[in-house]
Amino acid sequence: MLLTPRRFQVDPDAQPECRQRRRILGTVAATAAVMQVPVARANIRPLQGRHLKFDHLHTGERLDTTYWSEGGYLQRSLAYINHLLRDFRTGEVHPIDPRLLDLLHHLQQQTGNTNPFQIISGYRSPKTNAQLRSSSSGVAKKSLHMQGKALDIRLPGTSLSHLHQVACEAKVGGVGLYTGSNFIHIDTGRVRYWGS
């Protein structure tokens, strides 16, 4: 409810000090009325943004960005993320599945940990994947890394086993635990779990 200050009538025959007192009281009343007006936008909560931080262990690059806001993905932020998660061996950039970013955001929320995700591997070109596969039996021939649907990560401040558990509970896609190499694999393929 908006209050309007009362207007004071000044008696022309009143003492000058009385008129001045009435003027001061009128000003105080007007100020009090303005201060009691509620701010309409105070009860409106803005839509929450989705924010992520990255630390790429191979390139040394870092990124701190809001990638989703007001009901949609922010294309400029997605472009920055795609660049950071590129195949660092060849320089090839590929779109990263936004559901993978949402999974990262979920992991962050569930662990209460806002540290940057350490990136071990993001997108891999077919050439890089073939090279890695020739020297390791742990690299899949049709790796989802080649589709921008997989990441190998750590989250400093959260144990690997807890991060793995939270990722499994999300039931978004595949989750692998690699204790020897100190990372977990997450992807947006079919739901499955493995560990070493």
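The following questions and answers look at ring contacts and the largest pocket in this predicted model.

Me: How many aromatic pairs does a search of the whole structure find?
Reply: One pair is formed by Y67 and Y73, whose rings lie 6.1 Å apart centre to centre. Another is formed by Y178 and F183, at 4.8 Å centre to centre. The search of the whole structure gives a total of two.

Me: Are the planes of Y67 and Y73 stacked or edge-to-face?
Reply: Planes under 30 degrees apart count as stacked, whereas those over 60 count as edge-to-face. The angle between the planes of Y67 and Y73 is 25°, so the pair is stacked.

Me: Is F183 buried or exposed?
Reply: Its partner in the stacked pair is Y178, which counts as partly exposed at 22% relative accessibility. Buried means under 20% relative accessible area, and because the value for F183 is 12%, F183 counts as buried.

Me: Which residue has its charged end over the ring of W68?
Reply: The charged end in question sits 3.8 Å from the centre of the W68 ring. The residue that carries this charged end is R50.

Me: Which element gives the most to the lining of the largest pocket?
Reply: The largest pocket, with a volume of about 390 Å³, is lined by 22 residues. The elements that give two or more residues to this lining are β4 (117-121), β7 (183-187) and β8 (192-195). With three residues, the element that gives the most is β7.

Key
Residues are numbered from 1 along each chain as its sequence is written. This is a predicted model: local features need pLDDT of at least 70, side-chain atom pairs count only at pLDDT 80 or more; totals for chains, interfaces and linings use all residues. Side-chain values use heavy atoms; hydrogens and water are left out. Rings of Phe, Tyr and Trp (its six-membered ring) pair if their centres lie within 6.5 Å; planes under 30 degrees apart count as stacked, over 60 as edge-to-face and the rest as tilted. Buried means under 20% relative accessible area, exposed over 50%, partly exposed in between (1.4 Å probe, protein chains only). A charge sits over a ring if NZ of Lys or CZ of Arg is within 6 Å of the ring centre and within 35 degrees of the ring normal. On a 1 Å grid over the protein atoms alone, a cavity is a set of points where a 1.4 Å probe fits but cannot get out, and a pocket is an open set with protein on both sides within 12 Å along at least five of seven lines; lining residues have an atom within 4 Å of a point. Grid points are joined across faces, edges and corners, and a volume is the space filled by probe spheres set on the points. Helices (H or I, at least four residues) and strands (E, at least two) are DSSP runs, numbered from the N terminus.
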